[in-house]
Amino acid sequence: ISVTATTVLPTNASSNIGASGNKWQAVYATTFSGAASNAQYADLAERYNSDADYEPGTVVMIGGEKEATACEFEHRAIGTISEKPAYLMNSEGEGQAIALKGRVPIKVIGKTIKGLPLVASQIVGVATQGFWSDDYFAISLETSFEEHERLIEGLIL
């Protein structure tokens with residue numbers, strides 16, 4: 001659909017804009033009130049000021065010189081840097097989008113077993129397979145016996 005003029009609908013009016021073959025058409029509005037039936041991406045994120053510009057998947061915690069920093073060993077992570085959040089809170093704020101819930105890439109080191117928890121590793125900003133304790137922040141969605149640092153799919157709790 002192509003709009004070349006502004007249309008103002010009366011209060012409580014509804015309109016069906018439809019789609020013409022391309023299911024990924026975008027609608028832009030200053031304020032939109034409606035119900036979403038699906039999202040293209042899979043995480044709930046919020047912008048936080050971080051003390052550095054981190055890569056997507058970096059494990060982060062509250063702390064550092066600003067609001068968020070790369071997570072350190074034996075600290076509780078709050079999530080990972082999100083590249084494409086499905087829903088972004090504080091979207092006009094400064095800082096990076098941090099995935100707080102949902103399916104996201106997570107930087108890990110060491111083997112991972114699907115369904116087991118992830119905790120901050122001894123490498124800053126990277127997770128590792130952990131134990132069911134108060135320190136876990138995510139669950140691995142894949143099994144991998146690789147030992148090097150990499151991105152895996154995980155579920156932020």
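**View 1. Ala 45 and its partner in β6.** In β6, Ala 99 is the bridge partner of Ala 45. Keep in mind throughout that this is a predicted model. Zoom out a little and you get the strands behind that pair: β1, residues 43–48, and β6 run antiparallel and are joined over 6 bridges. β6 itself spans 96–108.

**View 2. Ala 45 again, now with β5.** Here Ala 45 stands opposite Leu 88, a residue of β5. The pairing of β1 with β5 (residues 87–89) is parallel and comes with 3 bridges. So what sense does the pairing of β1 with β6 have? That one is antiparallel. Put the two views together and β1 pairs with β6 in the antiparallel sense and with β5 in the parallel sense.

**View 3. Thr 58 in its loop.** Look for Thr 58 in the loop between β1 and β2, the latter being 59–62. Is Thr 58 buried or exposed? Its relative accessible area is just 5%, and because the cut-off for buried is under 20%, Thr 58 counts as buried. A polar atom of the Thr 58 side chain sits 2.8 Å from the backbone oxygen of Glu 55. Which residues does Thr 58 touch, leaving aside those up to four places away in sequence? They are Ala 70, Gly 79, Thr 80, Ile 81, Lys 107 and Gly 125.

**View 4. The second largest pocket.** This pocket holds about 180 Å³ of space. Its lining is made up of 14 residues, and those nearest the centre are Asp 43, Lys 84, Arg 103, Val 104 and Pro 105. Two elements, β6 (96–108) and β10 (150–156), each give two or more residues to the lining. Which element gives the most? That would be β6, with 3 residues. If you care about the chemistry of the lining, the split is 7 nonpolar, 2 polar and 5 charged.

**View 5. Stepping back to the whole chain.** For context around the close-ups, the chain has 10 strands and 0 helices. Read along the sequence, then, the pattern is simply β-β-β-β-β-β-β-β-β-β. How much of the chain is buried? Buried residues come to 32% of its 157 residues. Among contacts in the chain with a separation of 6 or more, 55% are between residues 24 or more positions apart.

Note on methods: Residues numbered from 1 in each chain as written. Predicted model: local features only at pLDDT ≥ 70, side-chain atom pairs only at ≥ 80, totals over all residues. Heavy atoms only, no water. 1 Å grid on protein atoms, 1.4 Å probe; cavity = no way out; pocket = protein on both sides within 12 Å on 5 of 7 lines; lining within 4 Å. Points joined across faces, edges and corners; volume = space filled by probe spheres on them. Helix = DSSP H or I, 4+ residues; strand = E, 2+ residues; numbered from the N terminus. Nonpolar A, V, L, I, M, F, W, Y, C, P; charged D, E, K, R; others polar. Pairing = 2+ DSSP bridges. Buried < 20%, exposed > 50% of the residue type's maximum accessible area, 1.4 Å probe, protein only. Polar contact = N/O pair within 3.5 Å; in protein donor to acceptor, adjacent residues only side chain to side chain. Contact = heavy atoms within 4.5 Å.
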